[in-house]
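Visitor: Hello! Could you walk me through how the two chains in this model meet?
Guide: Happy to, so let us put the structure up and begin.

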Amino acid sequence: VFSIPGAEVDPNVPASFSIAGSVDYGFYSIYTYQLNNANGTPLTGPGYSAAEYISPADTSINANGIQMPLNNGQLSDRVGFVSPPTAPANVVVTQTFTALYQGYFYDLSTVFQHQNISSYGSPYYIVTNSVTVINP
Amino acid sequence: MYMRVWITVFSALVLGTVCGPGGAVSADDPTTPIVLPVESNDTIRAILKYLWPVLSPTRKAGRIYYQAVCPPDAHNYPLMFPKIDVRPPSVAGTELANIRSIFLHAKSASVTADKTGLVRVRIGKIPDTILQTRIATLSFDADSQFNYLSAIGAIESAPEVQSVMATIGVGVPARVYHYGLVQPTSGLPHLPAQIADVTMDQALDMVARTWGGIVFYGACTVPGTYEIFFADGYFLDSRF
């Protein structure tokens, strides 16, 4: 058994996101994602940012490709409708990420699926917003 | 009589030049051709491409109001921007003159600037009851203080706005977004925690000024629908 010096995986290298929590505000929710290393350990230090990629991109307003600074390794993602919807909708998209750390980009393994549903209700449309893990 | 005509023309020149030969953008006319999404995007892209460089570098803010093209039986996202003839700007004049040159050949387009210099482009006959809704108090949480999309959502969600929408039967397309939020940070653009006694239009002016971009407002009368979106230099680079 031998190892090549320097080939060890840097424990600060980002590898994935996990869902740390969510708050439902009615027509939208805010999900908090936690950045982790390859061992699943949360990365809470400074210097991380991440860009999301929503696919298909043309079904929603998104921030594709914009690197957002993380706060203690966490990203807040607003998921849902811009304002209370007055029309039906059922939008399903996948979300992936590229993290930036010390000048290097890292494609994260995580794939989330978002589903945003607006269905008729009186007096207001009924909204459901969800984020589920497709690939950790 | 001649004096009255001249005053009218002068007023148009000073307060809002009417560009082009006139004629309505008859988006709600059933004979109006349907605008395809790609055509709508092409028009928006052309406007931003020409407009962005000639906006004041220190201000980079404006408003565009347009009479959207909407299928009568759909609440499509996005509302379609009408096909208009926009041209590369003159760069020899003032900011306002240069912007007006973009829309010189566009039917039913007008370009004005208010006393603060904020430029407003109006295309077609725009229903503005919603925009003139007066909001007594509008609170922004940390999310909507620091994120323009959230701010627009907060403005649209104001009880006064929702009430007027319900009263006159106006809706919005079911617009979904997924957006990483800018966290409250000193030095970043943001709105105050609360504003009072403003119209929806004035609140949207604040969004344009605060984040240095263009707030679009498109509306149809049939069906009664409107949408608002924000565009800046990044939008121009990335969206198209």
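Guide: One term before we start: two strands pair if DSSP finds at least two bridges between them. Please keep in mind, too, that this is a predicted model.

Visitor: In what order do the strands of the open sheet run?
Guide: The sheet is built from 5 strands, and its pairing is mixed. Its edge strands, each pairing on one side only, are strand 1 (16-24) and strand 4 (61-62) of chain A. Written out, the order is 1(A)-2(A)-6(A)-6(B)-4(A).

Visitor: How many bridges join strand 4 of chain A to strand 6 of chain B?
Guide: Strand 6 of chain B covers residues 176-180 and runs parallel to strand 4 of chain A. A:Ile61 stands opposite B:Tyr177, and A:Asn62 has B:His178 as its bridge partner. Two strands count as paired at a minimum of two bridges, and the number joining these strands is 2.

Visitor: Which helix of chain B packs on the sheet?
Guide: The helix touches strand 4 and strand 6 (74-81) of chain A, together with strand 6 of chain B. Its direction makes about 140 degrees with that of strand 6 of chain B. The element in question is helix 5 (residues 148-156) of chain B.

Visitor: Which three residues supply 30% of the area that chain B buries against chain A?
Guide: Chain B and chain A bury about 2500 Å² between them, with 59% of it on carbon and sulfur atoms. In terms of contacts, 23 residues of chain B meet 34 residues of chain A. No other three residues supply more of chain B's buried area than B:Val176, B:Tyr177 and B:His178.

Visitor: Which side chains meet in a salt bridge between the chains?
Guide: The count between chain B and chain A is 1 salt bridge. Its N to O distance is 2.9 Å, within the 4 Å cut-off. The side chains that meet there are those of A:Arg78 and B:Asp143.

Visitor: Which element gives the largest share of the side of chain B that touches chain A?
Guide: There are 14 residue pairs in polar contact between the chains. Helix 5 and strand 6 of chain B each supply at least two residues of the side that touches chain A. By class, that side has 10 nonpolar, 9 polar and 4 charged residues. The largest share, 5 residues, comes from strand 6 of chain B.

Definitions and conventions:
Residues are numbered from 1 along each chain as its sequence is written. Chains are lettered from A and ligands numbered from 1 in the order in which they are written. This is a predicted model: local features need pLDDT of at least 70, side-chain atom pairs count only at pLDDT 80 or more; totals for chains, interfaces and linings use all residues. Side-chain values use heavy atoms; hydrogens and water are left out. Helices (H or I, at least four residues) and strands (E, at least two) are DSSP runs, numbered from the N terminus. Contact means heavy atoms within 4.5 Å. Axes are lines fitted to C-alpha atoms, for helices over the stretch in contact, and angles run from 0 to 180 degrees between N-to-C directions. Buried area is the accessible area (1.4 Å probe) that two parts lose on being put together, summed over both. A polar contact is a pair of N or O atoms within 3.5 Å; within protein, one must be able to donate a hydrogen and the other to accept it, and residues adjacent in sequence count only if both atoms are side-chain atoms. Ala, Val, Leu, Ile, Met, Phe, Trp, Tyr, Cys and Pro count as nonpolar, Asp, Glu, Lys and Arg as charged, and the others, Gly among them, as polar.
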